[in-house]
Amino acid sequence: MTQQKTPRVPKAGAFLIFTFLLGCLFIHGNLHAQSRYTLSGYVKDSLTGETLIGATLQAGTGGKGVNSNAYGFYSITLEAGDYEVTCSFVGYESRRYLIRLNSNQNFNFLLPPRATASQEVVVYAKRRDENVKTAQMGRFDLSVAKVKALPVLLGEVDLLKTLQLLPGIRNAGEGNTGLYVRGGGPDQNLIILDDAVVYNTGHLFGFFSVFNSDAIKNVTLIKGGMPAQYGGRLSSVLDVAMKDGNSNKLQVDGGIGLISSRLSIQGPVKKDKASFIVSARRTYIDVLAKPFVPKSSAFSGSGYYFYDLNTKINYKISDKDRLYLSGYFGKDVFDFRNSRRSFNANIPWGNATATLRWNHVFNQRLFANTTFVYNKYNFAFNAAQNNFNIKLASGIRDLNAKIDFDYYPAPQHKVKFGGLYTYHKFTPNVLSGSQDSTVFRPNNANNKYAREAAVYIQDDWELSDKLKLNLGLRYSAFTQVGPYTRYDEDANGNKLDSVVYTRGKTVKTYGGLEPRFTLRYALNDATSLKASVTRNLQYIHLVSNAGSTLPTDLWVPSTYYVQPQIAWQYAAGFFKNFKDNTYETSLELYYKDMRNQIEYKEGYTPSLTDPEKQFVFGKGWSYGAELYVGKNKGRMTGWLGYTLSWTWRQFPQLNGGEKYFAKYDRRHDLSAVATYELNKKWKLSGVFVYGTGNATTLPERFYIIGGVLTQEYSRVNQYRLPAYHRLDFAATYTPIPKRPRKIHGSWVFSVYNVYSRANPYFIYFDQTGSPYDNTLKVEARQVSLFPVIPAVTYNFKF
């Protein structure tokens, strides 16, 4: 037995590149500082005081414009003079002010929401021509108001299911909230809530998402041309920002549905100084069912529930400093009781996150945000029968610190740079138990520890009215550290020798540069061409035997044996708007090359041993075209999305080394979404989806060996399930009282799967008869989950 320390990978080259680029940008800004002045401040909702993300400010007709950042801060540097500055945001009234800029100035814009929805139905919370004007590709900023208007399963408003209606994004199956973006798996999406990574995004085994819409302010999805500020995943970023809380008055929102209710309370702690929000959601299936299950029943005490709790408080220390403290706590709990067999089981799992952020304005051109995050995901299985108890646990815990800077050297540049550090602890399946006074604590913990760090810089650079670039460079590194014991084994898995790494000692280090490049060329004010090239590294992986994310799935790090996933993505697109941005269209083509993809070996069965010895590694690639047509204004709004795509995998040790379709490959994917405002009281919405059936592996031949029916399976994913399609409908009724009231309410009536399509969830083979009298019959049978399901939800606000 020996001790060993692997030397670190040199990072000096990456640091020098980063420093050189940053220095050039600062010099560029200072060269022009003498003749220019800066206007900066915040953009806010005039009623609630919430900062507005992505609001547009423009100085003069046809002049340069900027957008407010993730905290509502903006900065624009101009030549000295008089300017008519216009601030606008979709769903809000624009405001225009005449400003004499002869010195650096701070100015906050307060935008009032539009008086009535009939003036304009909001589809996206962004400027209407952003898809044409910016260099960013594959980005959607989703309005929470739109999410709430669409029909959903059992009336539960679901952010992730709405995102599945966009081109290039598909689901894992009936009712599932998992996201599969451009051929990537569910673990290849970076999903963050107030800068905290959310590892498990689903409740009830994935049928409902963990995001409570009442607590959400802004939702941004990026599936192409990922900016350098994001990393650690191959496919996409879903950045969800929580509300800060109404800083002007106390406000209560809530809703009562078929399976759950929710309540949010927000208001000022000290007006214009500090505010808070507390938002909770809980199912009550267990509570409603309890009176109908007699205590004499063998299953009395069984039940299931989930809950979410979002909390946030912010405090304005000064005009230059603000603090934000937010948290999310969510849990699923399944209890099973069988008194006849003296068997009890308790299965809890859930996420917990805490985020502390400090905003600091150094000067009118430099804004900084410092973040500290604690994040934990745990799964547990507790069972007891008579005097025997058993416990199985797994999870992941992160401690994270990062700092991000926004620098505005000139109107044609917006620079972001920063760095982060994360300490990971991974807990695989840990088993313990007891019987009477005997306690079993097997030494099978195999905890793994790792450090992850990154630095980045990016510049959104407008070279001319026609040409705009977004250039970014990210360097990331991932180090597995001790305590850890590495075993050398023979071909049969017998341990021959071991290497022990003490606490904090380096086991293995990976790292590399991740360039990000996007380009926009404007053909005219309503038409543009775009292209992007990105490289991404992913150091942690979700290992699953199923087609969707389940609480039993394991997150594992890159280790001595497991290399990081790597992807290059190339994309090009044509973007055009019509009729003063009423209609928005785009056609995007993409190709993604993925290396070091992970699957289980053939014949793998779950066990308590370290799973990384059961992995096989290969490559994947996907390509396709995405068409989007949206209508953003008028009484009828909505979009049509169509994706034509191919997704392949190839592993030397699977399928005879031949390529095969990935389980989330879908040739055709179509979504049609429409919302129509019938009058001031009624709003109608509908959703139709169609998709090619999932790829699947099925038995082709059956043999009887020793009286036992044995199956011979096809090649991997050789067959297809029947196509998936569904129509949903919803109607929202908002009564208009004759007299002013403090309480405002609305009713949402929805029907899921209107024509009761029996969509396949999975296929199994049923056996009847006996092989001994030639009556054996094997039939394939389809399992479907949801027929037509009506629902009603009451929402209120006061």
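Three strands, β22 (303-318), β23 (321-338) and β24 (343-363), each give at least two residues to a nonpolar patch on the surface. That patch covers about 810 Å², and its members are Val269, Ile313, Tyr315, Ile317, Leu323, Leu325, Leu356, Trp358 and Phe372. Strand β22 makes the largest contribution, with 3 residues.

Before I go on, please keep in mind that this is a predicted model.

Let me stay with one member of the patch, Phe372, which sits in strand β25 (residues 366-385). Is Phe372 buried or partly exposed? Its relative accessible area is 47%, so Phe372 counts as partly exposed.

Now let's step back to the whole chain. There are 798 residues in the protein chain, and 53% of them are buried. The secondary structure amounts to 52 strands and 5 helices. If you take contacts with a separation of 6 or more, 66% of them link residues 24 or more positions apart. As for the outside, the accessible surface is about 35,100 Å², and carbon and sulfur atoms account for 58% of that.

How far can we trust it? The mean pLDDT of the chain is 84, with 87% of the residues at 70 or more. Confidence peaks in strand β30 (residues 467-481), at a mean of 95, and is lowest in strand β1 (residues 2-3), at 44. Across residues 1-10 the pLDDT is below 50, although the model gives this stretch 24 contacts beyond near neighbours in sequence. Residues 116-126 also stay under 50, and there the model has 39 contacts beyond four places in sequence. Where pLDDT is low, the predicted coordinates should not be read in detail.

On to the inside. Which residues have the most contacts within the largest nonpolar core? They are Leu159, Leu163, Leu193, Phe211 and Leu238, in a core of 62 residues. Take Leu159 as an example: leaving out neighbours within four places in sequence, Leu159 touches Leu142, Val147, Ser209, Phe211, Val219 and Val240. There is also a second, separate core of 19 residues, with Val43, Val85, Phe109 and Leu111 among them.

Next, a proline to look up on your screens: Pro557, in strand β36 (residues 554-557). Pro557 has a relative accessible area of 3%, so it counts as buried. Setting aside neighbours within four places in sequence, the contacts of Pro557 are Phe426, Lys448, Phe478, Tyr539, Ile540, His541 and Val562. His541 is 16 residues away from Pro557 along the chain, and their C-alpha atoms are 6.2 Å apart.

Last, some backbone geometry. Most residues other than glycine have a negative phi, and most peptide bonds are trans. Which two residues are joined by a cis peptide bond? Gly482 and Pro483 are, with omega at about 10°. Pro483 is in the loop between β30 and β31 (484-489).

Then we have two positive phi values. Asp195, in the loop between β13 (189-193) and β14 (196-197), has a phi near 70°. With 17% relative accessibility, under the 20% cut-off, Asp195 counts as buried. Asn581 is in the loop between β37 (565-578) and β38 (583-600), and its phi is positive too, about 65°. Asn581 is likewise classed as buried, at 17% relative accessibility.

That's my tour, so over to you for questions.

Conventions:
Residues numbered from 1 in each chain as written. Predicted model: local features only at pLDDT ≥ 70, side-chain atom pairs only at ≥ 80, totals over all residues. Heavy atoms only, no water. pLDDT = per-residue confidence, 0-100. Helix = DSSP H or I, 4+ residues; strand = E, 2+ residues; numbered from the N terminus. Contact = heavy atoms within 4.5 Å. Buried < 20%, exposed > 50% of the residue type's maximum accessible area, 1.4 Å probe, protein only. Areas by Shrake-Rupley, 256 points an atom, 1.4 Å probe, with all protein chains shown as cover. Core = buried A, V, L, I, M, F, W, Y, C linked by side-chain atoms within 4.5 Å. Patch = residues over 30% accessible without salt bridge, like charges linked within 9 Å, V, L, I, M, F, W, Y side chains within 5 Å. Salt bridge = Lys/Arg side-chain N within 4 Å of Asp/Glu carboxyl O.
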